[in-house]
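Reader: I should like to examine this structure through a short series of questions. Please show the sequence and the coordinates before we begin.

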Amino acid sequence: MAERLASSASLLPASPSSSTRRAAVAAATVASFPSCSARTGGLRLRPSPSRFSQKVAGRGRGGAGGALRVVRCMAASDAAQLKSAREDIKEILKTTYCHPILVRLGWHDSGTYDKNIEEWPQRGGADGSLRFDPELSHGANAGLTSALKLIQPIKDKYPGITYADLFQLASATAIEEAGGPKIPMKYGRVDITVPEQCPPEGRLPDAGPRLPAEHLREVFYRMGLDDKEIVALSGAHTLGRSRPDRSGWGKPETKYTKDGPGEPGGQSWTAEWLKFDNSYFKDIKEQRDQDLLVLPTDAALFEDPSFKVYAEKYAEDQEAFFNDYAQAHAKLSNLGAKFDPPEGISLDNDTGATPDDEKKVADPAPADDTNGAAPQPEPFVAAKYSYKKRELSDTMKQKIRAEYEGLGGSPEKALQSNYFLNIMIVIAGLAFLTSLVGN
């Protein structure tokens, strides 16, 4: 079952090399996404050659075998297969309740990104490297073999999907199926092909560092994320549980976890730990229920002045949390990824939540040739400057004001009526009617 591996904002477990307890703590990180009900059983997936490499043996005229020629080393995922795989993931979620561990799987694959390294794949990130044993063995990734075991049959069924895309597809689908926001995802991530390309250990967050707020910033700033995104992503702890025998954190069971669903036990951050909402922020703020888990990195969200601004906001406004979370999750899922095609693949042309950047107003098409006449001004249409219910930008407000004043009005006063002209029009109309009646 989704075992909430802990560390509030620590969406990615920390390196276990520091100490035995730290290793356990690491396992409890990354948006602490609980492990599924599927048993781990010490499963290790054997690294295999990429299924996206095709080699063709060339032959000479005499029939002698020539050197192998690589036709295509890595290919983008197939959109149709991605859509079908998404439906299969939904079915798995209905029967195994593994939402938390699938979220954690996607986050841990992308959370190794280092913005200070330009080369791919040395920079880490969402490249499917987590499927290889060297990275899977990192202390922060303890228990993720269960997640790989769950989705490997889907990978076998849809060979036209890269592991990197499948990990992120599973993560976003789990959030959405748990009642969370639609994530504006794109696909087409390229996989690394050999274990030697895996990132080094120690790039994921720790659940119980000595200075929680500073630790979170150190880890997430390295990925290019800011304070708002750290707090928003921490909200994913609304899902899952932490088990002391796996992560070193939490109680063996609580009144919320003793009966499951799925494998019973562990301690959750929220009472409804398979429902994605803003209850995590409410519960962390109040800290009244001893059966709910609060890690040092969770508590830091309401102790650090900068974090607290967003944590308070999300505790009061679930819509604001959903909007910010959707954008942060999408950004995290793209970190370090190499896309083929470069612009990525969108499923169903679905862009999810409203983007951060306001839609730009397209420049009007060039007017037809007027044979030298002065071009006529474009008719003022206020509606085109509005996008849903969002606040207009200062630039757009200024443009609306300028066009309005160009028609003789201003935001402070209504347009002036030309009464003389109005009277003349009325008289002319009456005269015309009189002439008709006379005839």
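Author: The questions and answers below concern a predicted model.

Reader: How many helices and how many strands does the protein chain have, and what share of its residues is buried?

Author: The secondary structure of the protein chain consists of 14 helices and four strands. A residue counts as buried under 20% relative accessible area. Of the 439 residues in the protein chain, the buried share is 48%.

Reader: Among contacts between residues at least 6 apart in sequence, what percentage joins residues at least 24 apart?

Author: A contact here requires heavy atoms within 4.5 Å. Among such contacts in the protein chain between residues at least 6 apart in sequence, the share joining residues at least 24 apart is 74%.

Reader: Where is Tyr97 found, is it buried or partly exposed, and what is its C-alpha distance to Gly260?

Author: Tyr97 belongs to the loop between helix H2 (79–96) and helix H3 (99–110). Its relative accessible area is 32%, so Tyr97 is partly exposed. Tyr97 and Gly260 are separated by 163 residues in sequence, yet their C-alpha atoms are apart in space by 9.7 Å.

Reader: Which parts does the salt bridge between Arg217 and Asp227 tie together, and which residue joins these two in a network?

Author: The closest N and O atoms of Arg217 and Asp227 are 3.1 Å apart, forming a salt bridge. Because Arg217 lies in helix H7 (residues 212–222) and Asp227 in helix H8 (residues 227–234), the pair ties together parts that are ten residues apart in sequence. Arg217 is buried at 16% relative accessibility, and Asp227 is buried at 11%. Through salt bridges that share partners, one network joins Arg217 and Asp227 with Asp304.

Reader: Which helices does the salt bridge between Glu312 and Lys285 link?

Author: The side chains of Glu312 and Lys285 meet at 2.8 Å, N to O. The pair links distant parts of the chain, 27 residues apart: Glu312 is in helix H11 (residues 305–316) and Lys285 is in helix H9 (residues 279–286). The helices are therefore H11 and H9.

Reader: What is the count of disulfides?

Author: A disulfide is a covalent bond between the sulfur atoms of two cysteines. The rule applied here asks for a pair of cysteine sulfur atoms within 2.5 Å. By this rule, the count is zero.

Reader: Which residues make the nonpolar surface patch of about 510 Å², and in which helix is Leu430 found?

Author: The patch is made by Val426, Leu430, Phe432, Leu433 and Leu436. Leu430 is found within residues 419–438, that is, in helix H14.

Technical notes. Residues are numbered from 1 along each chain as its sequence is written. This is a predicted model: local features need pLDDT of at least 70, side-chain atom pairs count only at pLDDT 80 or more; totals for chains, interfaces and linings use all residues. Side-chain values use heavy atoms; hydrogens and water are left out. Patches are made of residues with over 30% relative accessible area and no salt bridge: like charges are joined within 9 Å, nonpolar side chains (Val, Leu, Ile, Met, Phe, Trp, Tyr) within 5 Å. Accessible areas come from the Shrake-Rupley method with a 1.4 Å probe; for residues, only the protein chains shown count as cover. A salt bridge is a side-chain nitrogen of Lys or Arg within 4 Å of a carboxyl oxygen of Asp or Glu. Buried means under 20% relative accessible area, exposed over 50%, partly exposed in between (1.4 Å probe, protein chains only).
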